[in-house]
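I open this notebook to record what I looked up in one structure. The entries follow in the order in which I made them.

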Amino acid sequence: MSRFWKIVLLVIAVLLVIGIGYRVMGGGKQKAPGAEAGMGQGNGGDRDSAPVPVTVVTAERKNVPVYVTAQGTVAAYNTVAVSPQVGGELLSVNFREGQPVKKGELLAQIDPRTFQAQYNQATASKRQNQALLATAQSNFERSNSPEYRQFVAQTDLTTLRNQVAQYQAAVAASQASADQAKVQLDYTRITSPISGVTGIRAVDPGNVVSAGTQIVTVTQLQPVYVMFNLPEQQLDAVRTAQQAGPLQTSTLDREGGAVVNADGKLQVVDNQISSSSGTFRLRAEFPNAESALWPGQFVNVRMQLNELPNAVVVPAEAVQRSSNSDFVYLIKPDSTVTLRDVVQGGQVDDSHVVISKGLQPGDRVVTEGQFRLKEGSKVTQLTPGQAPAAPTEEQLKAASQKGLGGRGGPPR
């Protein structure tokens, strides 16, 4: 092939590449007349002018309780590690693990035979000394009677009197030995010192136990304590509120919202502040009738200090946050919104907050739909739980036509 034809073929190939690139880049497409204008109208003015459906709630005035909250730990009212006070073979365990027991209820039995023999020996010695005492008293009374006193030497009479005292002391000593043996015998019956719930047993029947060997732990659950800490800045408020009466204390669920136990009372404020944490310790007492609180359990604690009268309250979701302040969307009489800066005065519960500045009772604020609003937006007001009305056929047709115009003309 000649050089001329090679140049011609190269030029044709370059032209083909340029043409394909032009097509790929969209150069051959033609925009429909007025498409750009249609798109601008569809994304701008029509949407901005349509009322935005929002949920509206009225700010109200009410008396609001003031709470302090903290994380706490449940502690048993009493906990006793039950151990025998005498040694011997453990014959039986008379409880089920986790069983509620009453004070004085039998928990375990140690072999009592050795202690029974000691008690029998002590009582026999007592009876022996009582017999000797009776003889000595009889001899002394006879010798000291008017009929025989003139025939008995004074020294013999003194000896008889001292024998009576000696055997009286012997009887008393025998009684003490019998009492001690009875105590040791009673110790073979291991009973619960308190009413509570048994834990996991530490020893099985058949083992030889000694004094101090732990059998089981009994924990009293009714009532029960809840221990918690508060920052030292709140000490004065707590002490002032405590002077007016017992402070109501509640425990909340894991999320910190729903009340689990509401019948607690603050019992003790500790007498010192921790220098390491800057907090002080408190202890509340709960009846725990349903045993909902368990020792060692972590709980959220809420304690009421006082009540804030006539506070302005709105739902928490009405308050929005910016980099500078908190604000709400306030409904104006012409059904448009304006941004209003507010200052929060504390949380009422898990759903409402106190507004200390920026709102008045009766002001209507937006609680849902804020993401579509801006200053001056026109809104359609809905009550909580109310859904927007379904669009009419005319509105659907108009929206369809706007959508087609926004895509650059009718479909082919």
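**Helix pair, cores and overall make-up**

I first noted that H4 and H5 are roughly antiparallel to each other, because their angle falls over 145 degrees. The axes of helix H4 (residues 113–143) and helix H5 (residues 154–186) cross at roughly 165° and come within 8 Å; axes are lines fitted to C-alpha atoms over the stretch in contact, with angles from 0 to 180 degrees between N-to-C directions. By class, I found 16 nonpolar, 15 polar and 3 charged residues in the contact of H4 with H5.

I recorded the basis of the entries: the model is predicted, local features need pLDDT of at least 70, side-chain atom pairs count only at pLDDT 80 or more, and totals for chains, interfaces and linings use all residues. Residues are numbered from 1 along each chain as its sequence is written, and side-chain values use heavy atoms, without hydrogens and water.

I then turned to the largest nonpolar core (buried nonpolar side chains joined through atoms within 4.5 Å). It has 21 residues, and among those touching the most other members are Val-226, Phe-228 and Leu-230. Strand S9 (216–231) and helix H6 (235–243) are among the elements that give two or more residues to this core. A second, separate core of 18 residues includes Phe-115 and Ile-194.

I looked up Leu-230 beyond its neighbours within four places in sequence: its contacts (heavy atoms within 4.5 Å) include Val-68, Val-238 and Met-303.

For the whole chain, I noted 7 helices and 19 strands. Of its 412 residues, 31% count as buried, that is, under 20% relative accessible area with a 1.4 Å probe, protein chains only.

Methods. Buried means under 20% relative accessible area, exposed over 50%, partly exposed in between (1.4 Å probe, protein chains only). Helices (H or I, at least four residues) and strands (E, at least two) are DSSP runs, numbered from the N terminus. Angles under 35 degrees count as roughly parallel, over 145 as roughly antiparallel, 65 to 115 as roughly perpendicular and the rest as oblique. Ala, Val, Leu, Ile, Met, Phe, Trp, Tyr, Cys and Pro count as nonpolar, Asp, Glu, Lys and Arg as charged, and the others, Gly among them, as polar.
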